[in-house]
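Hi everyone, thanks for coming. Could you bring the model up on the screen so we can walk through it together?

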Amino acid sequence: MNTIKSYVEAHKTRFIDELIELLKIPSISADPAYTQDVIDTAAAIKTSLEKAGCDHVEICETPGYPIVYGHKHISDDLPTVLVYGHYDVQPPDPLELWESGPFEPIIKKTDIHPEGAIFARGSCDDKGQMYMHVKALELMNETNQLPCNVKFMIEGEEEVGSESLAWFVERNQEKLANDVILISDTGMISNTQPSITTGLRGLSYVEVEVTGPNRDLHSGLYGGAVANPINILTKMIASLHDENNHITIPGFYDNVEELSAEERAEMAKAPFSLEEYKNALDIDDVYGEKGYTTNERNSIRPTLDVNGIWGGYTGEGAKTVIASKAYAKISMRLVPNQDWREITELFKTHFESLAPKGTTVKVTPHHGGQGYVTPIDNIGYQAASKAYEDTFGVPAIPQRSGGSIPIVSLFEKELKSKTILMGFGLNSDAIHSPNEHFGIFNYLKGIETIPLFYKYFTELSK
Ligand code: BES
Ligand code: MN
Ligand code: MN
(Lines give C-alpha, C1' and ligand atoms only; values in the text may rest on other atoms or scores of the structure.)
(Ligands and ions follow the chains in the order given, each with its own letter.)
Protein backbone atom coordinates (compact mmCIF):
# COMPACT_ATOMS: atom_id res chain seq x y z
CA MET A 1 0.00 0.00 0.00
CA ASN A 2 1.29 3.52 -0.74
CA THR A 3 1.71 6.06 2.04
CA ILE A 4 -1.51 7.90 1.17
CA LYS A 5 -3.67 4.79 1.35
CA SER A 6 -2.01 3.51 4.49
CA TYR A 7 -2.34 6.90 6.26
CA VAL A 8 -6.06 7.05 5.43
CA GLU A 9 -6.50 3.45 6.58
CA ALA A 10 -4.69 4.10 9.86
CA HIS A 11 -6.56 7.30 10.69
CA LYS A 12 -10.00 6.83 9.14
CA THR A 13 -11.88 6.37 12.41
CA ARG A 14 -10.53 9.64 13.73
CA PHE A 15 -11.24 11.39 10.40
CA ILE A 16 -14.87 10.31 10.69
CA ASP A 17 -15.14 11.24 14.37
CA GLU A 18 -13.75 14.72 13.76
CA LEU A 19 -16.23 15.36 10.95
CA ILE A 20 -19.06 14.16 13.18
CA GLU A 21 -18.06 16.73 15.83
CA LEU A 22 -18.12 19.50 13.22
CA LEU A 23 -21.55 18.40 11.98
CA LYS A 24 -23.02 18.78 15.45
CA ILE A 25 -22.78 22.58 15.25
CA PRO A 26 -25.89 24.00 13.54
CA SER A 27 -24.17 26.62 11.36
CA ILE A 28 -27.32 27.79 9.57
CA SER A 29 -26.38 31.06 7.90
CA ALA A 30 -29.94 31.93 6.83
CA ASP A 31 -31.35 32.00 10.36
CA PRO A 32 -30.17 34.71 12.80
CA ALA A 33 -31.09 32.44 15.73
CA TYR A 34 -27.93 30.43 14.91
CA THR A 35 -25.47 33.34 14.70
CA GLN A 36 -23.31 32.06 17.57
CA ASP A 37 -23.18 28.56 16.11
CA VAL A 38 -21.99 29.90 12.77
CA ILE A 39 -19.24 31.86 14.55
CA ASP A 40 -18.32 28.81 16.66
CA THR A 41 -17.97 26.73 13.51
CA ALA A 42 -15.48 29.22 12.08
CA ALA A 43 -13.43 28.87 15.28
CA ALA A 44 -13.53 25.07 15.02
CA ILE A 45 -12.28 25.21 11.42
CA LYS A 46 -9.45 27.51 12.49
CA THR A 47 -8.30 25.01 15.11
CA SER A 48 -8.52 22.13 12.65
CA LEU A 49 -6.39 23.97 10.08
CA GLU A 50 -3.76 24.72 12.72
CA LYS A 51 -3.64 21.06 13.74
CA ALA A 52 -3.48 19.96 10.10
CA GLY A 53 -0.26 21.92 9.63
CA CYS A 54 -0.97 25.44 8.38
CA ASP A 55 1.76 27.86 9.51
CA HIS A 56 -0.69 30.67 9.83
CA VAL A 57 -4.46 30.70 10.35
CA GLU A 58 -6.71 33.68 11.03
CA ILE A 59 -10.37 34.48 11.38
CA CYS A 60 -11.00 37.37 9.01
CA GLU A 61 -13.87 39.59 10.03
CA THR A 62 -16.24 40.83 7.31
CA PRO A 63 -19.50 42.81 7.34
CA GLY A 64 -21.18 39.38 7.77
CA TYR A 65 -19.86 36.00 8.92
CA PRO A 66 -16.09 35.54 9.22
CA ILE A 67 -13.86 33.88 6.67
CA VAL A 68 -11.29 31.40 7.89
CA TYR A 69 -8.00 31.94 6.08
CA GLY A 70 -4.95 29.73 6.47
CA HIS A 71 -1.78 28.97 4.59
CA LYS A 72 1.35 26.90 4.50
CA HIS A 73 4.13 28.41 2.47
CA ILE A 74 7.00 26.23 1.30
CA SER A 75 8.73 28.20 -1.44
CA ASP A 76 8.18 31.16 -3.74
CA ASP A 77 9.30 28.91 -6.58
CA LEU A 78 6.46 26.45 -6.12
CA PRO A 79 2.85 26.85 -7.24
CA THR A 80 0.06 27.74 -4.81
CA VAL A 81 -3.25 25.91 -4.54
CA LEU A 82 -6.13 27.92 -3.03
CA VAL A 83 -8.78 25.72 -1.44
CA TYR A 84 -12.27 27.18 -1.10
CA GLY A 85 -15.17 25.69 0.82
CA HIS A 86 -18.05 26.73 3.06
CA TYR A 87 -18.83 25.92 6.68
CA ASP A 88 -22.41 27.21 6.66
CA VAL A 89 -25.35 24.91 5.95
CA GLN A 90 -28.93 25.14 4.69
CA PRO A 91 -31.79 25.26 7.20
CA PRO A 92 -32.82 21.66 7.97
CA ASP A 93 -36.60 22.03 7.70
CA PRO A 94 -38.98 20.29 7.28
CA LEU A 95 -37.71 18.71 10.49
CA GLU A 96 -40.41 16.05 10.69
CA LEU A 97 -39.06 14.40 7.54
CA TRP A 98 -35.65 13.65 9.10
CA GLU A 99 -35.23 10.10 10.36
CA SER A 100 -32.65 11.33 12.88
CA GLY A 101 -31.77 14.81 14.09
CA PRO A 102 -30.11 16.99 11.45
CA PHE A 103 -27.39 17.96 13.93
CA GLU A 104 -27.08 14.53 15.59
CA PRO A 105 -24.90 12.79 13.00
CA ILE A 106 -25.24 9.03 12.69
CA ILE A 107 -23.79 6.45 10.33
CA LYS A 108 -26.24 4.25 8.46
CA LYS A 109 -25.89 1.91 5.49
CA THR A 110 -27.88 2.55 2.31
CA ASP A 111 -28.17 0.68 -1.01
CA ILE A 112 -25.85 3.18 -2.64
CA HIS A 113 -23.55 3.42 0.38
CA PRO A 114 -23.16 -0.18 1.61
CA GLU A 115 -20.14 0.82 3.73
CA GLY A 116 -22.22 3.48 5.48
CA ALA A 117 -22.96 7.18 5.15
CA ILE A 118 -22.96 10.00 7.69
CA PHE A 119 -26.45 11.49 7.99
CA ALA A 120 -26.51 15.15 9.05
CA ARG A 121 -27.17 18.58 7.57
CA GLY A 122 -23.95 19.72 5.90
CA SER A 123 -22.43 16.22 5.77
CA CYS A 124 -22.03 16.51 1.99
CA ASP A 125 -22.78 20.22 1.41
CA ASP A 126 -20.22 21.30 2.35
CA LYS A 127 -18.68 20.48 5.73
CA GLY A 128 -17.83 16.90 4.77
CA GLN A 129 -16.36 17.85 1.42
CA MET A 130 -14.52 20.86 2.82
CA TYR A 131 -13.08 18.80 5.68
CA MET A 132 -11.61 16.27 3.21
CA HIS A 133 -9.21 19.08 2.25
CA VAL A 134 -8.24 19.73 5.86
CA LYS A 135 -7.51 16.03 6.34
CA ALA A 136 -5.67 15.83 3.01
CA LEU A 137 -3.42 18.65 4.24
CA GLU A 138 -2.81 16.78 7.50
CA LEU A 139 -1.93 13.67 5.50
CA MET A 140 0.50 15.48 3.17
CA ASN A 141 2.06 17.29 6.08
CA GLU A 142 2.47 14.26 8.34
CA THR A 143 3.86 12.09 5.56
CA ASN A 144 6.15 14.84 4.21
CA GLN A 145 4.58 15.00 0.79
CA LEU A 146 3.07 18.46 0.53
CA PRO A 147 4.61 19.39 -2.84
CA CYS A 148 3.58 23.07 -3.09
CA ASN A 149 2.14 26.04 -1.22
CA VAL A 150 -1.42 25.93 -0.04
CA LYS A 151 -3.99 28.52 1.05
CA PHE A 152 -7.42 27.89 2.55
CA MET A 153 -10.39 30.24 2.38
CA ILE A 154 -13.48 28.83 4.08
CA GLU A 155 -16.56 31.04 4.23
CA GLY A 156 -19.82 31.04 6.19
CA GLU A 157 -22.32 32.62 3.80
CA GLU A 158 -22.31 30.44 0.69
CA GLU A 159 -25.88 29.28 1.22
CA VAL A 160 -27.08 32.88 1.40
CA GLY A 161 -25.20 34.37 -1.54
CA SER A 162 -21.54 34.88 -0.45
CA GLU A 163 -21.86 38.65 -0.15
CA SER A 164 -19.12 39.01 2.45
CA LEU A 165 -16.80 36.74 0.50
CA ALA A 166 -17.13 38.97 -2.57
CA TRP A 167 -16.23 41.91 -0.32
CA PHE A 168 -13.24 39.99 1.06
CA VAL A 169 -11.93 38.79 -2.31
CA GLU A 170 -12.09 42.29 -3.82
CA ARG A 171 -9.96 43.62 -0.94
CA ASN A 172 -7.42 40.78 -0.67
CA GLN A 173 -6.17 39.94 -4.15
CA GLU A 174 -2.54 39.82 -3.02
CA LYS A 175 -3.20 37.61 -0.03
CA LEU A 176 -5.27 35.22 -2.12
CA ALA A 177 -2.88 35.07 -5.10
CA ASN A 178 -2.76 31.50 -6.41
CA ASP A 179 -2.15 29.30 -9.42
CA VAL A 180 -5.33 27.28 -9.20
CA ILE A 181 -8.47 27.22 -7.06
CA LEU A 182 -9.63 23.85 -5.82
CA ILE A 183 -13.20 23.24 -4.62
CA SER A 184 -15.08 20.17 -3.46
CA ASP A 185 -18.68 21.38 -3.33
CA THR A 186 -20.22 19.50 -6.26
CA GLY A 187 -20.90 15.87 -7.09
CA MET A 188 -19.83 13.03 -9.34
CA ILE A 189 -21.74 10.50 -11.42
CA SER A 190 -21.38 7.45 -9.16
CA ASN A 191 -18.91 5.70 -6.89
CA THR A 192 -17.66 3.66 -9.84
CA GLN A 193 -17.75 6.47 -12.40
CA PRO A 194 -16.01 9.63 -11.21
CA SER A 195 -16.63 12.90 -13.02
CA ILE A 196 -15.16 16.38 -12.84
CA THR A 197 -17.60 19.28 -12.87
CA THR A 198 -16.79 21.59 -15.76
CA GLY A 199 -19.75 23.93 -15.54
CA LEU A 200 -22.00 25.57 -12.98
CA ARG A 201 -25.20 27.43 -13.71
CA GLY A 202 -25.79 31.04 -12.78
CA LEU A 203 -28.71 32.15 -10.66
CA SER A 204 -31.24 34.94 -10.37
CA TYR A 205 -33.50 34.75 -7.32
CA VAL A 206 -36.50 37.05 -6.91
CA GLU A 207 -39.48 37.45 -4.66
CA VAL A 208 -42.80 38.67 -6.06
CA GLU A 209 -45.80 40.18 -4.36
CA VAL A 210 -49.23 40.75 -5.94
CA THR A 211 -51.59 43.11 -4.16
CA GLY A 212 -55.32 43.38 -4.90
CA PRO A 213 -57.83 45.04 -2.56
CA ASN A 214 -56.53 46.90 0.49
CA ARG A 215 -57.81 44.24 2.93
CA ASP A 216 -58.84 40.57 3.04
CA LEU A 217 -62.42 40.26 1.79
CA HIS A 218 -65.42 37.95 2.22
CA SER A 219 -65.20 35.69 -0.84
CA GLY A 220 -68.99 35.61 -1.21
CA LEU A 221 -69.59 39.30 -0.99
CA TYR A 222 -66.65 40.28 -3.23
CA GLY A 223 -65.68 37.09 -5.07
CA GLY A 224 -65.90 37.46 -8.85
CA ALA A 225 -66.03 41.24 -8.71
CA VAL A 226 -62.42 42.09 -7.79
CA ALA A 227 -59.06 40.61 -8.78
CA ASN A 228 -58.07 37.82 -6.42
CA PRO A 229 -54.26 38.18 -5.97
CA ILE A 230 -53.74 34.42 -5.60
CA ASN A 231 -55.70 33.64 -8.79
CA ILE A 232 -53.77 36.36 -10.59
CA LEU A 233 -50.36 35.33 -9.26
CA THR A 234 -50.82 31.69 -10.28
CA LYS A 235 -51.97 32.75 -13.74
CA MET A 236 -48.96 35.06 -14.13
CA ILE A 237 -46.61 32.28 -13.03
CA ALA A 238 -48.24 29.74 -15.34
CA SER A 239 -47.72 32.08 -18.28
CA LEU A 240 -43.94 32.13 -17.72
CA HIS A 241 -43.65 28.80 -19.63
CA ASP A 242 -45.24 28.02 -22.99
CA GLU A 243 -46.63 24.67 -24.15
CA ASN A 244 -43.11 23.44 -24.95
CA ASN A 245 -41.82 24.52 -21.55
CA HIS A 246 -39.79 27.33 -23.02
CA ILE A 247 -39.57 30.40 -20.82
CA THR A 248 -41.67 33.27 -22.22
CA ILE A 249 -39.77 36.26 -20.80
CA PRO A 250 -38.79 38.39 -23.85
CA GLY A 251 -35.01 38.35 -24.37
CA PHE A 252 -34.45 35.53 -21.86
CA TYR A 253 -32.68 33.26 -24.36
CA ASP A 254 -30.79 36.02 -26.24
CA ASN A 255 -27.34 35.16 -24.90
CA VAL A 256 -27.82 31.45 -24.28
CA GLU A 257 -25.01 29.50 -25.85
CA GLU A 258 -26.27 26.65 -28.05
CA LEU A 259 -24.03 23.61 -27.86
CA SER A 260 -22.95 22.00 -31.12
CA ALA A 261 -24.30 18.59 -32.10
CA GLU A 262 -20.83 17.15 -31.34
CA GLU A 263 -20.80 18.61 -27.84
CA ARG A 264 -24.28 17.26 -27.18
CA ALA A 265 -23.29 13.83 -28.48
CA GLU A 266 -20.26 13.89 -26.20
CA MET A 267 -22.48 14.76 -23.21
CA ALA A 268 -24.87 11.95 -24.05
CA LYS A 269 -22.06 9.42 -23.61
CA ALA A 270 -22.05 9.87 -19.82
CA PRO A 271 -23.69 6.86 -18.18
CA PHE A 272 -27.30 7.66 -17.28
CA SER A 273 -30.40 5.55 -16.80
CA LEU A 274 -33.72 7.36 -17.16
CA GLU A 275 -35.48 4.41 -15.52
CA GLU A 276 -33.27 4.60 -12.42
CA TYR A 277 -33.68 8.37 -12.35
CA LYS A 278 -37.48 8.08 -12.34
CA ASN A 279 -37.46 5.23 -9.83
CA ALA A 280 -35.27 7.15 -7.40
CA LEU A 281 -37.80 10.00 -7.41
CA ASP A 282 -40.98 7.90 -7.61
CA ILE A 283 -42.19 9.65 -10.74
CA ASP A 284 -43.64 7.97 -13.81
CA ASP A 285 -42.19 10.47 -16.23
CA VAL A 286 -39.77 13.36 -16.44
CA TYR A 287 -40.88 16.84 -17.45
CA GLY A 288 -39.08 19.74 -19.08
CA GLU A 289 -38.14 21.80 -22.08
CA LYS A 290 -39.02 20.22 -25.42
CA GLY A 291 -36.09 19.17 -27.56
CA TYR A 292 -33.64 18.46 -24.75
CA THR A 293 -32.69 15.38 -22.74
CA THR A 294 -32.93 15.21 -18.97
CA ASN A 295 -29.19 15.76 -18.56
CA GLU A 296 -29.30 18.73 -20.91
CA ARG A 297 -32.33 20.22 -19.17
CA ASN A 298 -30.53 20.22 -15.85
CA SER A 299 -27.16 21.50 -16.97
CA ILE A 300 -26.83 23.39 -20.26
CA ARG A 301 -30.35 24.91 -20.36
CA PRO A 302 -31.68 27.80 -18.30
CA THR A 303 -34.76 27.16 -16.18
CA LEU A 304 -37.33 28.97 -14.05
CA ASP A 305 -38.86 27.48 -10.90
CA VAL A 306 -41.19 28.62 -8.16
CA ASN A 307 -39.51 27.75 -4.85
CA GLY A 308 -42.34 28.78 -2.58
CA ILE A 309 -45.80 30.32 -2.86
CA TRP A 310 -48.10 31.61 -0.16
CA GLY A 311 -51.04 33.82 0.69
CA GLY A 312 -54.60 33.59 1.98
CA TYR A 313 -55.84 31.02 4.44
CA THR A 314 -53.79 27.86 4.93
CA GLY A 315 -54.83 26.85 8.46
CA GLU A 316 -57.18 24.06 9.60
CA GLY A 317 -60.58 23.73 7.94
CA ALA A 318 -61.99 26.32 5.56
CA LYS A 319 -62.17 30.09 5.62
CA THR A 320 -63.97 31.92 2.84
CA VAL A 321 -61.65 34.76 2.03
CA ILE A 322 -60.03 36.69 -0.79
CA ALA A 323 -56.59 37.65 0.41
CA SER A 324 -55.27 41.13 -0.15
CA LYS A 325 -51.82 39.80 -1.10
CA ALA A 326 -50.12 36.77 -2.65
CA TYR A 327 -46.41 35.97 -2.77
CA ALA A 328 -43.91 33.69 -4.44
CA LYS A 329 -40.17 33.07 -4.49
CA ILE A 330 -38.83 32.34 -7.95
CA SER A 331 -35.39 31.21 -9.07
CA MET A 332 -33.92 31.16 -12.53
CA ARG A 333 -30.91 28.95 -13.24
CA LEU A 334 -28.79 30.53 -15.93
CA VAL A 335 -26.15 29.29 -18.32
CA PRO A 336 -22.82 30.91 -19.21
CA ASN A 337 -23.17 34.25 -21.08
CA GLN A 338 -26.52 35.05 -19.50
CA ASP A 339 -25.87 37.99 -17.18
CA TRP A 340 -27.80 37.52 -13.95
CA ARG A 341 -28.44 41.23 -13.40
CA GLU A 342 -29.75 41.62 -16.94
CA ILE A 343 -32.00 38.56 -16.54
CA THR A 344 -33.32 39.90 -13.24
CA GLU A 345 -34.23 43.17 -15.00
CA LEU A 346 -35.93 41.28 -17.88
CA PHE A 347 -37.93 39.26 -15.39
CA LYS A 348 -38.97 42.36 -13.44
CA THR A 349 -40.12 44.29 -16.52
CA HIS A 350 -42.00 41.31 -17.92
CA PHE A 351 -43.61 40.22 -14.67
CA GLU A 352 -44.79 43.73 -13.87
CA SER A 353 -46.29 44.00 -17.36
CA LEU A 354 -48.39 40.90 -16.70
CA ALA A 355 -50.34 42.44 -13.84
CA PRO A 356 -53.93 43.22 -14.81
CA LYS A 357 -55.66 46.45 -13.77
CA GLY A 358 -56.88 46.22 -10.23
CA THR A 359 -53.62 44.72 -8.97
CA THR A 360 -50.13 45.94 -8.29
CA VAL A 361 -46.98 43.84 -8.51
CA LYS A 362 -43.71 44.23 -6.70
CA VAL A 363 -40.59 42.31 -7.72
CA THR A 364 -37.74 42.24 -5.21
CA PRO A 365 -34.42 40.77 -6.38
CA HIS A 366 -32.52 38.58 -3.90
CA HIS A 367 -29.05 37.25 -4.63
CA GLY A 368 -27.71 36.00 -7.91
CA GLY A 369 -24.54 35.07 -9.71
CA GLN A 370 -22.93 34.18 -12.97
CA GLY A 371 -22.52 30.68 -14.38
CA TYR A 372 -19.12 29.20 -15.03
CA VAL A 373 -17.41 26.80 -17.43
CA THR A 374 -13.91 25.41 -16.84
CA PRO A 375 -11.87 24.58 -19.89
CA ILE A 376 -10.42 21.06 -19.85
CA ASP A 377 -7.19 21.94 -21.66
CA ASN A 378 -5.33 23.25 -18.63
CA ILE A 379 -3.00 21.64 -16.12
CA GLY A 380 -5.52 21.99 -13.29
CA TYR A 381 -8.03 19.80 -15.09
CA GLN A 382 -5.32 17.38 -16.19
CA ALA A 383 -4.01 17.05 -12.64
CA ALA A 384 -7.51 16.34 -11.33
CA SER A 385 -8.10 13.83 -14.09
CA LYS A 386 -4.89 11.92 -13.31
CA ALA A 387 -5.69 11.95 -9.59
CA TYR A 388 -9.15 10.40 -10.11
CA GLU A 389 -7.81 7.82 -12.49
CA ASP A 390 -5.25 6.72 -9.88
CA THR A 391 -7.74 6.31 -7.04
CA PHE A 392 -10.83 5.09 -8.91
CA GLY A 393 -9.05 3.06 -11.57
CA VAL A 394 -11.13 4.62 -14.37
CA PRO A 395 -10.85 8.01 -16.06
CA ALA A 396 -13.15 10.79 -14.83
CA ILE A 397 -15.72 12.19 -17.26
CA PRO A 398 -16.13 15.98 -17.62
CA GLN A 399 -19.69 16.95 -16.75
CA ARG A 400 -21.61 20.20 -16.40
CA SER A 401 -23.68 20.55 -13.27
CA GLY A 402 -27.01 22.26 -12.76
CA GLY A 403 -26.13 23.76 -9.39
CA SER A 404 -24.58 27.14 -8.71
CA ILE A 405 -21.56 28.43 -6.81
CA PRO A 406 -21.82 32.07 -7.87
CA ILE A 407 -18.53 33.11 -6.32
CA VAL A 408 -16.53 31.00 -8.79
CA SER A 409 -16.96 33.49 -11.64
CA LEU A 410 -15.87 36.27 -9.30
CA PHE A 411 -12.72 34.29 -8.41
CA GLU A 412 -11.82 34.21 -12.07
CA LYS A 413 -12.45 37.92 -12.49
CA GLU A 414 -10.64 39.09 -9.33
CA LEU A 415 -7.95 36.46 -8.88
CA LYS A 416 -7.43 35.60 -12.55
CA SER A 417 -7.24 31.88 -11.96
CA LYS A 418 -9.20 28.83 -12.99
CA THR A 419 -11.28 26.78 -10.60
CA ILE A 420 -11.18 22.99 -10.54
CA LEU A 421 -14.34 21.41 -9.15
CA MET A 422 -13.42 18.06 -7.61
CA GLY A 423 -16.72 16.98 -6.09
CA PHE A 424 -17.22 13.65 -4.32
CA GLY A 425 -20.94 13.84 -3.49
CA LEU A 426 -23.73 11.97 -5.26
CA ASN A 427 -27.07 13.41 -6.45
CA SER A 428 -28.77 10.90 -4.17
CA ASP A 429 -27.04 12.37 -1.09
CA ALA A 430 -30.05 14.65 -0.54
CA ILE A 431 -28.23 17.97 -0.15
CA HIS A 432 -30.64 20.76 0.93
CA SER A 433 -33.20 18.00 1.67
CA PRO A 434 -34.12 16.04 4.79
CA ASN A 435 -31.73 13.13 5.54
CA GLU A 436 -28.72 14.66 3.80
CA HIS A 437 -25.82 12.21 3.93
CA PHE A 438 -22.28 11.66 2.68
CA GLY A 439 -20.80 8.24 1.97
CA ILE A 440 -17.87 7.12 4.11
CA PHE A 441 -16.40 5.72 0.87
CA ASN A 442 -16.74 9.16 -0.76
CA TYR A 443 -15.25 10.99 2.22
CA LEU A 444 -12.20 8.73 2.41
CA LYS A 445 -11.77 8.58 -1.38
CA GLY A 446 -11.75 12.36 -1.41
CA ILE A 447 -9.01 12.48 1.22
CA GLU A 448 -7.04 9.98 -0.85
CA THR A 449 -7.53 11.73 -4.21
CA ILE A 450 -6.79 15.33 -3.16
CA PRO A 451 -3.06 14.80 -2.34
CA LEU A 452 -2.62 13.33 -5.84
CA PHE A 453 -4.07 16.49 -7.32
CA TYR A 454 -1.37 18.50 -5.52
CA LYS A 455 1.30 16.10 -6.71
CA TYR A 456 0.27 16.16 -10.38
CA PHE A 457 -0.45 19.88 -10.40
CA THR A 458 3.02 20.62 -9.06
CA GLU A 459 4.63 18.24 -11.54
CA LEU A 460 2.72 19.70 -14.48
CA SER A 461 3.58 23.26 -13.39
CA LYS A 462 7.31 22.68 -13.90
N1 BES B 1 -22.77 23.05 -3.21
C2 BES B 1 -23.93 23.69 -3.72
C3 BES B 1 -23.94 23.82 -5.22
C4 BES B 1 -23.83 22.55 -6.02
C5 BES B 1 -24.25 21.32 -5.54
C6 BES B 1 -23.31 22.63 -7.29
C7 BES B 1 -24.14 20.18 -6.30
C8 BES B 1 -23.20 21.49 -8.06
C9 BES B 1 -23.61 20.27 -7.56
C10 BES B 1 -24.04 25.06 -3.07
O11 BES B 1 -23.86 25.01 -1.68
C12 BES B 1 -25.43 25.58 -3.29
O13 BES B 1 -26.34 25.02 -2.73
N14 BES B 1 -25.57 26.65 -4.07
C15 BES B 1 -26.84 27.28 -4.21
C16 BES B 1 -26.69 28.70 -4.67
C17 BES B 1 -26.47 29.69 -3.56
C18 BES B 1 -26.37 31.09 -4.12
C19 BES B 1 -27.52 29.63 -2.50
C20 BES B 1 -27.67 26.56 -5.24
O21 BES B 1 -27.14 25.99 -6.21
O22 BES B 1 -28.90 26.58 -5.07
MN1 MN C 1 -22.24 23.88 -1.17
MN1 MN D 1 -25.77 24.25 -0.80
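I'll talk about two metal sites, then a sheet, then one loop residue.

First, some housekeeping: this is a predicted model, where local features need pLDDT of at least 70, side-chain atom pairs count only at pLDDT 80 or more, and totals for chains, interfaces and linings use all residues. Residues are numbered from 1 along each chain as its sequence is written, chains are lettered from A and ligands numbered from 1 in the order in which they are written, and side-chain values use heavy atoms, with hydrogens and water left out.

Okay, metals. Which residues hold the manganese ion that is ligand 2? Its protein donors are H86 through NE2, D125 through OD, and D185 through OD twice, and they lie 2.0 to 2.5 Å from the ion. By donors I mean N, O and S atoms within 2.8 Å of the metal (3.2 Å for Na, K and Ca); water is not among the atoms, so sites may look incomplete.

The angles among the six donor atoms of ligand 2 run from 56 to 165°, and the site is irregular. For that word, the rule goes like this: four donors are tetrahedral if all angles lie between 85 and 135 degrees; four are square planar and six octahedral if opposite donors are over 155 degrees apart and all others between 65 and 115; anything else is irregular.

Along the chain, the donors of ligand 2 are spaced H-x38-D-x59-D. H86 sits in strand 3 (residues 80-86) and D185 in the loop between strand 7 (180-183) and strand 8 (195-200), so this pair ties together parts 99 residues apart in sequence. Helices (H or I, at least four residues) and strands (E, at least two) are DSSP runs, numbered from the N terminus. Buried or exposed? H86 is buried at 0% relative accessible area, and D185 also counts as buried, at 13%. Buried means under 20%, exposed over 50%, and partly exposed in between, with a 1.4 Å probe and protein chains only.

Now ligand 3, another manganese ion, which is 3.6 Å from ligand 2, with D125 coordinating both. E159 lies in the loop between strand 6 (149-155) and helix 4 (163-171), and H432 in the loop between strand 17 (419-421) and strand 18 (437-439), so that pair ties together parts 273 residues apart in sequence. The protein donors of ligand 3 are D125 (OD), E159 (OE) twice and H432 (NE2), at 2.1 to 2.5 Å. E159 is buried, at 14%, while H432 is partly exposed, at 40%.

On to the sheet. Four strands make an open, antiparallel sheet in the order 11-13-9-14. Strand 11 (303-311) and strand 14 (360-369) are at the edges with a single partner strand each, so one side of each has no neighbour in the sheet. Two strands pair if DSSP finds at least two bridges between them. Strand 9 (residues 202-211) and strand 13 (residues 325-334) are joined by 10 bridges, and V206 stands opposite I330 in strand 13.

Last stop: K24, in the loop between helix 1 (3-23) and helix 2 (35-52). K24 is partly exposed, at 41%. What does K24 touch, apart from neighbours within four places in sequence? K24 is in contact with F103 and P105, where contact means heavy atoms within 4.5 Å. The C-alpha atoms of K24 and P102 are 8.3 Å apart, although 78 residues separate them along the chain.
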